[in-house]
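I opened my notebook to record what I looked up in this structure, beginning with its nonpolar core and then turning to its salt bridges.

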Amino acid sequence: MISQECYELGSKSSVIREIFSYGLKRKAEIGEDKVYDFSLGNPSIPAPESVKKAILELMELPPEKVHAYSPAPGDPKVRTAIADSLNRRFGESFRMENIFMTCGAAASLNICLKALLNAGEEVITFAPFFPEYRVWVEGVGATLNVIPAKLPDFQIDAAAFGQAITPKTKVVIVNTPNNPSGVVYSEETIKNLCTILKKKSEEYGAPIYLITDEPYREIVYDDIKVPYLTKYYDNTLVCYSYSKSLSLPGERIGYIVIPDRIADHEHVAPAIAGAARVLGFVCAPSLFQQVVAKCVDDTGDISAYKKNRDILVDGLNRIGYTCVKPQGAFYLFMKALEEDAYAFCERAKKFDLLLVPSDDFGCPGYVRISYCVSEKTIVDSMPAFEKLMEEYRTNAV
Ligand code: PLP
């Protein structure tokens, strides 16, 4: 008998993937430019020129210097370059030993969860949240508890969080800038969160680890600052990815930061190495380890995302939709025009608007709009959004 759990996970695709596949079929039928596909979070800006330059330089080296296995936690020079960059940017004092190279944020989170959790323990996250967290947490036999969204600003409901922590709570996951809301948690939110974490860890006499999922750290607008969480809470593990900051999602490259001051460091650090081993995430892609080391302080030109955000927010507000203005990432969270977001998305399809219902993000009644698309798609989609609104005005649901 095979694993029923894996069978079920593998035999149905995510809602996002289903909508994306529908979009491909629809584009083949009526033409690419007539379908407004806002389903996927695939970066639409190119990787910075420094990435191409780094790849070309590396191609001049003997193959064994570029394509060989690195040590399991990553190339020491790469890890040192990353630690130095974090120290420069966030006033930290990391060394290469604090950096574990991985295949992106998905791998980083899976490694951390596997390393920290035993079956029956609990993880808390905050709605709206990235739906794969449920798969990953349940995959290690733990339970995911979701704190409902705090409206209207989508920050964190500190009181609800404090009440939800139990003696079994081992891990808390935060994602800022957030997928799907685009919200950046303010310093005040982070301070409140960390005060509660410290208080509850003391009360229960056991550390609660904070995992911060940061693929969008570099994608922020209007000089918004994203607090660096190790500065606020000692028991923080940072899961970083270059998928979005360097537009390299297919190359599967990122890292985990394991600070020296984390509780039980002498066990946590080897457990991270062990989890990476069990999951087969050792020796992250060699070429791209070296590429990111050469581009360690770079980011793609995000001005196109900002322009898209502004056109979209202004256009939707003008039509009469309610949405949270994103401060980062490339997602916009918009209130559906009826309670059932699935039904709303089905109606939107009539106008070839492909939106993602918010139920799997733990916050029903909204849709996610991924605006990592061309500016033309956003501009051309506005009449379709107008028609959708008109449909609700004339045929009240
Ligand atoms: N976490 C969040 C919030 C994401 O949005 C994504 C990807 O979209 C991931 C993790 C996984 O990213 P990666 O490509 O680095 O595995």
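My entries on the core and the salt bridges follow.

I note that this is a predicted model, in which local features need pLDDT of at least 70 and side-chain atom pairs count only at pLDDT 80 or more, while totals for chains, interfaces and linings use all residues. Residues are numbered from 1 along each chain as its sequence is written, and side-chain values use heavy atoms, with hydrogens and water left out.

I looked up the largest nonpolar core (buried Ala, Val, Leu, Ile, Met, Phe, Trp, Tyr and Cys residues joined through side-chain atoms within 4.5 Å; buried means under 20% relative accessible area, exposed over 50%, partly exposed in between, with a 1.4 Å probe and protein chains only). I found 39 residues in this core, of which L316, M334, L355, I369 and F385 touch the most other members. Leaving aside neighbours within four places in sequence, I saw L355 in contact (heavy atoms within 4.5 Å) with residues including I19, F38, F344 and F385.

I then turned to salt bridges (a side-chain nitrogen of Lys or Arg within 4 Å of a carboxyl oxygen of Asp or Glu), and the structure holds 27 of them. I found R95 bridged to E97, with the closest N and O atoms 3.0 Å apart, and also to D260 at 2.7 Å, N to O. R95 is partly exposed at 38% relative accessibility, and D260 is partly exposed too, at 40%.

I last noted the salt bridge between R347 and E391 at 3.5 Å, N to O, where R347 is partly exposed at 21% and E391 is buried at 12%.
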